[in-house]
Amino acid sequence: KDFASFLEENSIDIVSPPGADLLELCRDLQVINNVNFSSAVRDGDYTSVAFAKENDATAKGNVRLPQSIGLRIPVYFGEPPVEIVAFLRKKIDDDGLHLGIKLSRAENVRQDEFHRIVDHVTVEVDHLTTVYGTPS
């Protein structure tokens, strides 16, 4: 429910799949959780135990969740938006289904945007030298 609200509030930033489609998909999610447990007692020192847990998240009609979503958001306040890929993360446990996103190469995107801004300022200001260093 929280993730659906997040998508609804930020649907304008979602490029692909379309924000409305993703929101509808997340609202219709169903969680399937199967647990298989078997135990066999043997003569001697060993007992065989097998445990298998299968879980999956699907929507009505068995539509799969996308692996990633395309976003178009500004990296810095007041700057133009840039395209960023976000991976959809899901976790199914006893409390239910938890959904979230993880930005792909977020630090690289931030650094690229920083360099773009510095280059723009360098062109606008005469006799400005930029130096990139490494922390000591």
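Two strands count as paired here if DSSP finds at least two bridges between them. In this predicted model, strand β6 (residues 81–93) and β7 clear that bar comfortably enough to start with: eight bridges join them, and the two strands run antiparallel. One of the residues involved is L88, whose bridge partner in β7 is I101.

Stepping back to the whole chain, the secondary structure amounts to three helices and seven strands. Read from the N terminus, the elements come in the order α-β-α-β-β-β-β-β-β-α. Of the 136 residues in the protein chain, 20% are buried. The chain exposes about 10300 Å², with carbon and sulfur atoms supplying 51% of that area. As for contacts between residues at least 6 apart in sequence, 41% of them link residues at least 24 apart.

The β6–β7 pair belongs to an open sheet of four strands, ordered β1-β5-β6-β7 and paired antiparallel. β1 (14–16) and β7 sit at the edges with a single partner strand each, so one side of each has no neighbour in the sheet. On average, and ignoring direction, neighbouring strands of this sheet are turned by 35° against each other. Helix α1 (residues 2–9) lies across β1, β6 and β7, and runs at about 40° to β7.

Helix and sheet meet again in the largest nonpolar core, a set of 12 residues: F3, A4, L7, I14, L22, L23, L25, L65, I69, L71, A86 and L88. Two or more residues of this core come from each of α1, α2 (19–27), β5 (68–74) and β6. L88, the bridge partner of I101, is thus seen again among the core residues. Another core member, L71, has a long list of contacts once its neighbours within four places in sequence are set aside: D13, I14, V15, V82, E83, I84, A86, I101 and L103.

Just past the edge strand, S104 is found in the loop between β7 (96–103) and α3 (106–124). Is this loop serine buried or exposed? S104 has a relative accessibility of 17% and therefore counts as buried, the cut-off being under 20%. Not counting residues up to four places away in sequence, S104 touches I84, V85, A86, F87 and V109. Two of these names, I84 and A86, also turn up among the contacts of L71, and A86 is one of the residues of the nonpolar core.

Methods. Residues numbered from 1 in each chain as written. Predicted model: local features only at pLDDT ≥ 70, side-chain atom pairs only at ≥ 80, totals over all residues. Heavy atoms only, no water. Buried < 20%, exposed > 50% of the residue type's maximum accessible area, 1.4 Å probe, protein only. Contact = heavy atoms within 4.5 Å. Areas by Shrake-Rupley, 256 points an atom, 1.4 Å probe, with all protein chains shown as cover. Axes fitted to C-alpha atoms, helices over the stretch in contact; angles between N-to-C directions. Core = buried A, V, L, I, M, F, W, Y, C linked by side-chain atoms within 4.5 Å.
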